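Hi,

Here is the structure I promised to pass on. Have a look at it first, and my notes on what turned up are underneath.

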Amino acid sequence: MKPTSSVSAPAPAPVPLCDIQAQYTALKTEIDAAVLRVLGSGQAILGPEVTAFEQETAQFCGAQFGIGCGSGTDALVLALRALDIGPGDEVIVPPFTFFASASAVARIGATPVFVDIDPITFNIDPGQIEAKITSRTRAIMPVHLFGQCCDMDAIWQIAADRQLYVVEDAAQSFGSEYRGKRCGALGIVGCMSFYPTKNLGALGDAGLVTTNDPVIDKKLRALRVHGSEVKYYHKYIGYNMRLDAVHAAVLRVKLPHVANWLTARETAAKRYDGLIERANLHGFMRRPIAMPDRRHTYNQYVVRVPSNHRDPLVKYLKENGVGVEVYYPLSLHQQECFKHLGYRTGDFPTSEEAAGGVFALPMFPEITEAQQQRVVEVCSSYLRQTVRRAA
Ligand SMILES: *Cc1c(COP(=O)(O)O)cnc(C)c1O
């Protein structure tokens, strides 16, 4: 007879980092109907579904106009181009963010100028912006990382004093609020992503730019269709950055549920906070800190541990069926593709330290208390074993 492991208890069910299928399962009837409606309409790209989605989403964000596009990255490129930013111009961005925040600036021919982050929120530190402003600076890009808005009062003040645009990268913070105002309405333009794992997720890639300015709205609409306002007459050298109708139709089904999903994320975050504290892990694992004047929507629940423990703990969690991810392991000023910008290791110490110590625990609106208990249990068990080994 083959030896079996029947004596040991069955392994606990794995906990995924994110469960995008849960929302489809819950809304299957409506989503299927929406997809079929698009299939039957013969309108694959833009059209009435997209227009309706743009209006509904702009309204949700508290902005006058919404311009659908192919992705959050497209939204950033379109937004910068609509502001006439290009070669010779500089845009202030944090180095601790998803690549697209800075690559969008580089792709339109402008130069990303990095400013280090705040160690508590991981967002750009407004106190360090002034020192990086030159005669070429055109805009500041606050990236509302992990679901929490940047310190906008300070950023608005600098932008007003120095006549700079504020271009929000709100890709991770759909529905997040700063002093009661939703992001997307906190700058001249706001850039949203509906990548499937974001707070509002499409079936594939999708994005949107928000603005209150009718001139910028018109320009964004032209830029996403090859720079033409009248078909085959090109005012600008634009792009093919359109939104597909099928994504708009699915997003319209999901949009009315976003408020509940955001509340569920907040509830799950509070539960993690409590579980980590009760497991007496909070001295080892710093929990995310929500500023009192903001609504953190926890697109990610990012913790921070001493850097010598980060990679071993991440490995241990994965081995034990817990889906975790490091956002982000390498600061953008240290990326190979930005070598020509001339930055060095040590230039942005807070960003570099964050890159060495953070990781995200499983987080999605449907996560259960039992799943969260399991996550924290595995973290505790790592620490017990490490301490035992050291003793
Ligand atoms: C996801 C993301 C983007 C890009 O969005 P895509 O839809 O994936 O192109 C940009 N910035 C940040 C901070 C993001 O998290």
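Let's start with a residue that is easy to miss: threonine 211 is buried, with a relative accessible area of just 2%. Keep in mind as you read that this is a predicted model. Threonine 211 sits in strand 9, which covers residues 207-211. What does its side chain reach? A polar atom there lies 2.8 Å from the backbone oxygen of isoleucine 188. Leaving out neighbours within four places in sequence, threonine 211 also touches Ala63, Gln64, Phe65, Ile67, Ile188, Val189, Ile216, Asp217 and Leu220.

Now for the ligand, which I guess you'll want to look at next. How many residues surround the ligand? There are 14, and the closest are Gly72, Thr73, Asp169, Ser193 and Lys198. Three of the polar contacts are worth clicking on:

- Glycine 72 has a polar backbone atom 2.7 Å from an oxygen atom of the ligand.
- Threonine 73 brings a polar side-chain atom to 2.5 Å from a ligand oxygen.
- Serine 193 has a side-chain N or O atom 2.6 Å from an oxygen atom of the ligand.

On its own the ligand has 370 Å² of accessible area, and the protein covers 92% of that.

Glycine 72 and threonine 73 also belong to helix 4, which runs over residues 72-82. Nine of the 11 residues in that helix are buried, among them Gly72, Asp74, Leu76 and Leu80. At the N-terminal end, serine 71 acts as a cap, with a side-chain oxygen 3.3 Å from the backbone nitrogen of threonine 73. After the helix comes aspartate 84, with a positive phi near 65°.

On to charges. Oppositely charged side chains can pair up when their charged atoms come close. A search of the whole structure gives 22 salt bridges, and here are a few to look up.

Arginine 221 and glutamate 54 form one of them, at 3.1 Å from N to O. Arginine 221 is in helix 7 (residues 214-223) and glutamate 54 in helix 3 (residues 48-61), so this bridge ties together parts that are 167 residues apart in sequence. Is each partner buried or exposed? Glutamate 54 is buried at 4% relative accessible area, while arginine 221 counts as partly exposed at 27%.

Arginine 138 and aspartate 89 are another pair, also listed at 3.1 Å from N to O. They link distant parts of the chain, 49 residues apart: arginine 138 is in strand 4 (residues 137-140), and aspartate 89 is in the loop between helix 4 and strand 2. Arginine 138 is partly exposed at 23%, whereas aspartate 89 is buried at 13%.

Then there is aspartate 293 with arginine 179, whose closest N and O atoms are 3.2 Å apart. Both sit in loops, aspartate 293 between helix 9 and strand 12 and arginine 179 between strand 6 and strand 7, with 114 residues separating them in sequence. Salt bridges with shared partners also join Arg37, Glu49, Glu56 and Arg252 into one network.

One last thing, on the surface. Val230, Tyr232 and Tyr233 make up a nonpolar patch there, with about 420 Å² of accessible area together. Valine 230 is in strand 10 (residues 228-230) and is exposed, at 52% relative accessible area.

Shout if anything is unclear.

Cheers

Key: Residues are numbered from 1 along each chain as its sequence is written. This is a predicted model: local features need pLDDT of at least 70, side-chain atom pairs count only at pLDDT 80 or more; totals for chains, interfaces and linings use all residues. Side-chain values use heavy atoms; hydrogens and water are left out. Patches are made of residues with over 30% relative accessible area and no salt bridge: like charges are joined within 9 Å, nonpolar side chains (Val, Leu, Ile, Met, Phe, Trp, Tyr) within 5 Å. Accessible areas come from the Shrake-Rupley method with a 1.4 Å probe; for residues, only the protein chains shown count as cover. A salt bridge is a side-chain nitrogen of Lys or Arg within 4 Å of a carboxyl oxygen of Asp or Glu. Helices (H or I, at least four residues) and strands (E, at least two) are DSSP runs, numbered from the N terminus. Buried means under 20% relative accessible area, exposed over 50%, partly exposed in between (1.4 Å probe, protein chains only). A polar contact is a pair of N or O atoms within 3.5 Å; within protein, one must be able to donate a hydrogen and the other to accept it, and residues adjacent in sequence count only if both atoms are side-chain atoms. Contact means heavy atoms within 4.5 Å. A residue is near a molecule or strand if one of its heavy atoms lies within 4 Å of it.
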